Amino acid sequence: MGLGCGNPQAIASLKPGESVLDLGAGGGFDVFLAAKKVGPNGKVYGVDMTPEMISKARNNAAKNGYENVEFLLGEIEHLPLPNNTVDVIISNCVVNLSTNKSNVFNEAFRVLKEGGRLAISDMVAYKPLPKEMVENAELYCNCISGAILLMS
């Protein structure tokens with residue numbers, strides 16, 4: 001259904017009844033895993049910026065009988081959800097694709113309920129990447145050149 005670089009649910013500690021948002025949902029793989037964990041009283045939203053992936057995810061949900069999921073067309077820098085909507089945000093190798101990570105995190109904290117949590121699986125850099133790597137389109141598409149720099 002899509003590519004990723006990890007398993008955000010391994011650190012998300014999802015509980016029955018929670019509301020979850022998947023940033024960059026693609027075909028819905030992580031949304032469907034989350035839907036099973038939050039159960040019928042929970043809700044999982046998936047946001048993706050391409051109509052093709054939203055259509056694919058909605059078709060996958062219908063084919064597999066997922067009733068507690070909703071797929072929304074939108075950018076992770078401008079989330080199509082109201083304030084204080086979700087308990088948990090998950091993301092699997094998508095934040096690094098954004099050129100405006102500040103907006104991504106501002107939006108994430110806007111839609112999180114008080115006490116909510118983030119579980120992001122993405123590439124990070126321990127030191128600044130060389131200019132040749134940062135400007136390499138293939139490395140960008142592979143979530144490498146957009147890696148967030150960890151401060152020690």
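**Exercise 1. Name the residues that Val-20 touches, leaving aside residues up to four places away in sequence, and place Val-20 within the interior.**

Solution. In this predicted model, Val-20 touches Leu-14, Ala-34, Val-38, Lys-43, Val-44, Tyr-45, Val-86, Val-88 and Ile-90, once residues up to four places away in sequence are set aside. The next step is to look at the core: the largest nonpolar core has 19 residues, and Val-20, Val-44, Val-69 and Phe-71 are those that touch the most other members. At least two residues of this core come from each of helix H2 (29-38), helix H3 (51-64), strand S3 (69-73) and strand S4 (86-92), with H2 giving the largest share, five residues. Apart from this core there is a second, separate one of 16 residues, including Leu-79, Ala-108, Val-111 and Leu-112. As a general background, nonpolar side chains in soluble globular proteins tend to be buried together.

**Exercise 2. Work out which residues of H2 are buried and what covers them.**

Solution. Begin with the helix itself, where the buried residues are Asp-30, Val-31, Phe-32, Ala-34, Ala-35 and Val-38. Then turn to the cover over these residues, which includes helix H1 (9-12), strand S1 (19-23), strand S2 (43-48), H3, S3 and S4. Finally, follow the chain just past the end of H2, where Gly-39 takes a positive phi of about 70 degrees.

**Exercise 3. Describe how S4 is covered and how it pairs with S1 and with strand S5.**

Solution. First consider burial: seven of the seven residues of S4 are buried, so that the strand is mostly covered. Next, take the pairing with S1, which is parallel and runs over four bridges; here Val-20 has Val-88 of S4 as its bridge partner. Then take S5 (residues 112-121), with which S4 pairs in the parallel sense over six bridges, and where Leu-118 is the bridge partner of Ile-89.

**Exercise 4. Find what joins Arg-117 to Glu-18, and state how exposed each of the two residues is.**

Solution. The two residues form a salt bridge, in which the closest N and O atoms are 2.9 Å apart. Distant parts of the chain are linked by this pair, since Arg-117 is in strand S5 and Glu-18 in the loop between H1 and S1, 99 residues apart. For the exposure, Glu-18 counts as buried because its relative accessibility is 10%, under the 20% limit, whereas Arg-117, at 24%, counts as partly exposed. The structure has five salt bridges in total, and another of them joins Glu-70 to Lys-43, with the closest N and O atoms 3.2 Å apart. Because Glu-70 lies in strand S3 and Lys-43 in strand S2, that pair ties together parts 27 residues apart in sequence.

**Exercise 5. Decide whether Cys-93 is buried or exposed, and state what is notable about the phi of Asn-84 and of Cys-93.**

Solution. Cys-93 is found in the loop between S4 and helix H4 (101-111), and it counts as buried because its relative accessibility is 11%. Its phi is near 60 degrees, a positive value in a residue other than glycine. Asn-84, in the loop between S3 and S4, likewise is not a glycine and has a positive phi, of about 55 degrees. The general background is that most residues other than glycine have a negative phi.

Methods: Residues numbered from 1 in each chain as written. Predicted model: local features only at pLDDT ≥ 70, side-chain atom pairs only at ≥ 80, totals over all residues. Heavy atoms only, no water. Core = buried A, V, L, I, M, F, W, Y, C linked by side-chain atoms within 4.5 Å. Buried < 20%, exposed > 50% of the residue type's maximum accessible area, 1.4 Å probe, protein only. Contact = heavy atoms within 4.5 Å. Pairing = 2+ DSSP bridges. Salt bridge = Lys/Arg side-chain N within 4 Å of Asp/Glu carboxyl O.
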